[in-house]
Amino acid sequence: MSNLANPVRSKVYRILELDGFGTPAGRFFNISLMILVLLNVFSVVVETIPEINAQYRSYFITFEFLSLFLFSVEYSLRLWSSKEAGSRWHFVKSPFAIIDLLAILPTLLFFIIPIDLRLLRLLRLLRILKLSRYFSALGMLANVIRAEFRSLAAAIMVLLILCLFVASALYVLEHDVQPEAFGTIPQALWWAIVSLTTVGYGDVTPVTAAGKVVGAAVIILGVGIVALPAGMLASRFSEELKNREQQFKARAYNYLEDGLLTEDEAIRLDLLRQELGLSELEARNILKKTRTALRKRSIHTCPHCHHRYSILDHTETHEE
């Protein structure tokens, strides 16, 4: 609809949102944006070194203004061209749009509200989240956490309850012997957390016999407690990968059902592959298996000569 009304906007939208790395324009834009984000992160990190910041401060400020301008132009173009996909509000509330906005807001707010420079640097580091647009694994991880949120919340709650009980037990057993380490439950809570998560810094350890027994039990228990949410995430992550492969396979099946894969369909499949985070090898294997499955389904036997042929094989001719 809007393609005819505004071809320029349609072209901009295609470069920003659809082409990915599949066209020269899309490739140039996305690679340039990734380099700009990485340079911003590098700048934020390096300017915390006093000697370098004092010598090149003017360059850092100039680069920040340039980055702010470029990120603002990018966000504006994405907002303007998002009309091609429907509602602009749908774009504004999307996760990627929020990340893009966070890339420019901290510096803009700095000119309105005085912000501690250390806090401003921390907020500017949020720009690295813009790279999530190009790494689908991060999106997969977010989907996995969202799907397993209730289970993860339950596991974390169990961990917190255990930490509280263990800290209370160590407070009772050790506070007379080590008041500086276990004199209060909050102090003992530090040891409980590092022990249950199997980090075990070793800066605080029980010295009484009962305290050591509790400590040993906590360390052994911690292995299973930490492994529980990790197992949940790993299982769900595997399911997410399979779901994405099935989604690509279903689209490939629809395109190949007539026996032909047009250039436009091939481009759409490649864009879907990039969106789902599948490698080219994985996509080729899925296409190969889909073609094989469709060919087997389409094999018929001639009632006259009993010759077996496939209606999908357009290169083969059959004579009765």
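**View 1. The length and the two faces of helix H15.** In this predicted model, helix H15 covers residues 280–297, where helices are DSSP runs of H or I with at least four residues, numbered from the N terminus. Its 18 residues should span 26 Å at 1.5 Å a residue, and this agrees with its end C-alpha atoms, which are 26 Å apart; the expected span is 1.5 Å times one less than the number of residues. Ala283, Ile286, Leu287, Thr290 and Leu294 of H15 are buried (under 20% relative accessible area, with exposed meaning over 50% and partly exposed in between, for a 1.4 Å probe and protein chains only). These buried residues lie on the same side of H15, because they cover an arc of only 100 degrees around the axis, taken from the directions from the helix axis to the C-beta atoms. On the face turned away from this buried side, H15 carries the exposed residues Leu281, Lys288, Lys289 and Lys296.

**View 2. Arg9 and its contact with Glu84.** Arg9 belongs to helix H2, residues 7–18, and is buried, with a relative accessible area of 12%. Its side chain is joined to that of Glu84 by a polar contact of 2.9 Å (a pair of N or O atoms within 3.5 Å; within protein, one must be able to donate a hydrogen and the other to accept it, and residues adjacent in sequence count only if both atoms are side-chain atoms).

**View 3. Phe110 in helix H7.** Phe110 is found in helix H7 and is partly exposed, with a relative accessible area of 31%.

**Notes.** Residues are numbered from 1 along each chain as its sequence is written. Because the model is predicted, local features need pLDDT of at least 70 and side-chain atom pairs count only at pLDDT 80 or more, while totals for chains, interfaces and linings use all residues, and side-chain values use heavy atoms, with hydrogens and water left out.

How values were computed: Helices (H or I, at least four residues) and strands (E, at least two) are DSSP runs, numbered from the N terminus.
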